[in-house]
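Biologist: Before we discuss the assignments, could you put the sequence and the structure on the screen? I would like to ask what lies behind each label.

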Amino acid sequence: MTASPIRLLDLAPVSPLRSQTIYHAVGYALGADSPDTIMLVSPNAPYVSIGRHQDAAREVDLPYCAEAGYPVIRREIGGGAVYLDGNQLFTQWIFHADHLPATVEERFVVYADSLVRTYRALGIAAEHRPINDIHVAGRKIGGTGAARMDGAEVVVGSLMFDFDVATMARVLKVPSEKFRDKIIQSLTDYMTTMRKELGEPPARETVIAAYLDACRAVLGRDIERGELRADELALAEKLDARFAGREWLEEAGGLRKPFVKIHEGVRVAEAAHKAPGGLIRCVLRVRDGHIDDVAFSGDFTARPPSMPFDLDELLAGSEISEKMVSEKIEDYYRRVRPEIPGVAPSDWVAAVMRAAETEAPA
Amino acid sequence: MTDVRGCNIPEDLYYWVEKHVWVRDDGDDVVTVGITDVAQHLANRVVAVTTKRPGKLLERGQSVATVESGKWVGPVPTPINGEVLEVNPRLASEPTIVNDDPYGEGWIVRLKATLWSVQRAEMHTGVHAVDEYRAFLEAQGISCA
C-alpha cells in the first residue's frame, strides 16, 4: 500500500463515448510514476453500455437504440447491458494494482464502503450486499464492476441521482413484451435512487463532497484535485476511434445469460414448454431461491379462463423445487377441476422449472 | 500437487509468477499457456473467456486472452513470444473449466514459441518456482484458502 495522495479528476460532462474511453485511457496510461486516480464524470447524453463479453445484437434492441439516438458502447468491464445518462455520477478508481487489496472481493469491500458511507452521509441507509451491490432496504442503488488494464486495477460504479427504468427496459432485447413489462416492474420494485429515497436528489457538489470525505476515510489517504495529462487525453482520443468502431461493438461475445439480473438476489427469465394442448409461456421472477412473481400465457384453452392467473397467485412465494411447484398445481387441479385439454399439471411444472433453470447464478 | 498457501502450484510447469500465468513445454518449441490456481482463485468464477485467434503473433506481455469472472475482467498476458497455434475450444461454452482444472482442461492457448530457449530461462520452474510463488503470495497477502 502507499500513503501518496490520490489525484481527483472531477470532469465536466463528456460525450457518451468519452465517458467510457477516458477511464480506460487513464488505466492504460498508468505508469510507475503515475498517481492513483479517482475520476468523477457524467455523460452529457444518454447511451447504452454493454459488458466486455456480451453480444450486442443479442442483448440490446439495436434498431431501437439507433432510432432513439442512443449510442451502444462496449466497455472493458464485465456485467450486463445498462442504460446510462446524466443522472448518474460515475465514480471510477484507477489505482496501481498493489495499492488495492489483491482479491476482487476485498477490492469491492473497500470500494462499496466508499459508496455506502456517501449515501449514509446523505441520509440514505445504504449497505453493501456482497459481492458488489449497494442496497437500500433490499433495493439496489447502482452496480459496480472491475477490470485489470495493464498495471492498473480499475473499479467502477456510480452514485445514482435518478434512473430511467422505462428506457432501461426499452433498450434491452427481450423475448416478449410481457417479459419487458416484468423487467419494468422488477426494476421499479428492486431498484432505488437518491430521488426515490429523498424526494429530491441533493446537489452534485454536496454528493461529491460527501463522496470525497468517504474516500478519504476508507482509503486513509489525501485526495488532491488534478488534471488529465496530455498522454492520457491522446490515448482517450485513440480509444474513441476503437470504441466507436463496428468491429469492437460487434466482437463476438462469449457471455450468454438467458435472464436479466435486477440485482444480486433477483432475476427475471422466460421459458416456453410445448404441452399437447398448446404452448405454455412462463415469465418468472426469482428472488433468493423463491418464486417472487410468475406470469403464464400461451395458446391453450382453459376453463375457468382465470386459470393462468390463479396459478400465478398460487405459486407466488413458493420455493423453487419441482416437488413444491408440483404439489401446489396438483392441489389446484383437485380443487378446481379445470377443463384444459392436453395440459396436465406436469406441463405447468415443466414450464416453471425450465424458466428457473435459465437463472443459474453467474 | 504442491500446496502453497492453499494454492496448487505444480512443479513441472514454468511460471510468470506476478502475472499468475503458467507455461507447459510440449516439445518442438510448442507450449501450452494457462492461468494459475492463484489467478482463478483471485478472479472468482469465470463466466467468459475470449482468446486471440490462431495465427496471431504475440510478444511477451501482450494479452493472449481476456477472462471475465462475475465481477472482474482481466487479460491473460503471454509469458513468451510466439504464434497462436490453437485455442481451447471448450472455453467458449464451458468457461468454468478454468476454475475447475486450471492446469488441465482449462488451458487457454497453444503457442509456437519463437524465443523459447531464451525466454524459458526468464521464468521459474520446479522447486524454485514454488519458493518464488510462496514468497510472492506471502508478500501480497494472498492465499487460496
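**Labels and the values behind them**

Modeller: The model is a predicted one, and I suggest starting in chain B, where B:D28 lies in the loop between β4 (21-25) and β5 (30-35).

Biologist: Why is B:D28 called exposed?

Modeller: A residue is exposed if 12 or fewer other C-beta atoms lie within 10 Å of its own; B:D28 has 9 C-beta neighbours inside 10 Å, and therefore counts as exposed.

Biologist: What is notable about the phi of B:D28?

Modeller: Its phi is near 55 degrees, a positive value in a residue other than glycine. Most residues other than glycine have a negative phi. A:D150, in the loop between β10 and β11 (152-156) of chain A, also has a positive phi, of about 50 degrees, although A:D150 is not a glycine.

Biologist: What makes A:D150 partly exposed?

Modeller: The label partly exposed applies between the exposed limit of 12 or fewer and the buried limit of 20 or more C-beta atoms within 10 Å; A:D150 has 14 others within 10 Å, so it is placed in between.

Biologist: And why is A:F300 partly exposed rather than buried?

Modeller: The buried class needs 20 or more other C-beta atoms within 10 Å, and A:F300 has 19, so it remains partly exposed. A:F300 sits in the loop between β17 and α11 (307-315) of chain A. Leaving aside neighbours within four places in sequence, A:F300 is in contact with A:A275, A:G277, A:G278, A:I280, A:I340 and A:V343. For A:F300 and A:V343, a separation of 43 residues in sequence goes with a C-alpha to C-alpha distance of 7.9 Å.

Biologist: Which peptide bond in that loop, the one holding A:P304, is cis?

Modeller: The bond joining A:R303 and A:P304 is cis, with omega about 10 degrees. Another cis peptide bond runs from A:P130 to A:I131, with omega near 10 degrees, and A:I131 lies in the loop between β7 and β8 of chain A. Most peptide bonds are trans.

Biologist: How do you know that β7(A) and β8(A) are paired?

Modeller: Pairing requires at least two bridges; four bridges join β7 (residues 126-129) of chain A to β8(A), so these antiparallel strands meet the requirement. A:H128 stands opposite A:I134 in β8(A), and the two strands form a hairpin with three residues between them. β8(A) is also joined by three bridges to β9 (residues 139-143) of chain A, again antiparallel, with A:H135 opposite A:K140.

Biologist: Which way do the residues of β8(A) point?

Modeller: From β8 (residues 133-136) of chain A, A:D133 and A:H135 point one way and A:I134 and A:V136 the other way, and all are buried.

Biologist: What makes the length of α6(A) agree with that of a helix?

Modeller: At 1.5 Å a residue, the 14 residues of α6 (residues 177-190) of chain A should span 20 Å, and the end C-alpha atoms are 20 Å apart, so the two values agree. The test also holds for α12 (residues 322-336) of chain A, where 15 residues should span 21 Å and the end C-alpha atoms are 21 Å apart.

Biologist: Why are the buried residues of α11(A) said to be on the same side?

Modeller: The buried residues are A:M307, A:P308, A:L311 and A:L315; because they cover an arc of only 100 degrees around the axis, they are on the same side of α11(A). On the other side, A:F309 and A:E313 are exposed, whereas the buried residues pack against β17, α12 and α13 (345-357) of chain A. An α-helix has 3.6 residues a turn, so residues three or four places apart point the same way.

Biologist: Finally, how many residues of chain B are in contact with chain A?

Modeller: Chain B contributes 21 residues, in contact with 18 residues of chain A. The chain B side divides into eleven nonpolar, eight polar and two charged residues. Strand β10 (residues 145-149) of chain A pairs with β9(B) in the parallel sense over two bridges, and A:A146 stands opposite B:W72.

Note on methods
Residues are numbered from 1 along each chain as its sequence is written. Chains are lettered from A and ligands numbered from 1 in the order in which they are written. This is a predicted model: local features need pLDDT of at least 70, side-chain atom pairs count only at pLDDT 80 or more; totals for chains, interfaces and linings use all residues. Two residues are in contact if their C-beta atoms, placed from the backbone, lie within 7 Å. Ala, Val, Leu, Ile, Met, Phe, Trp, Tyr, Cys and Pro count as nonpolar, Asp, Glu, Lys and Arg as charged, and the others, Gly among them, as polar. The expected span of a helix is 1.5 Å times one less than its number of residues. The arc is that of the directions from the helix axis to the C-beta atoms.
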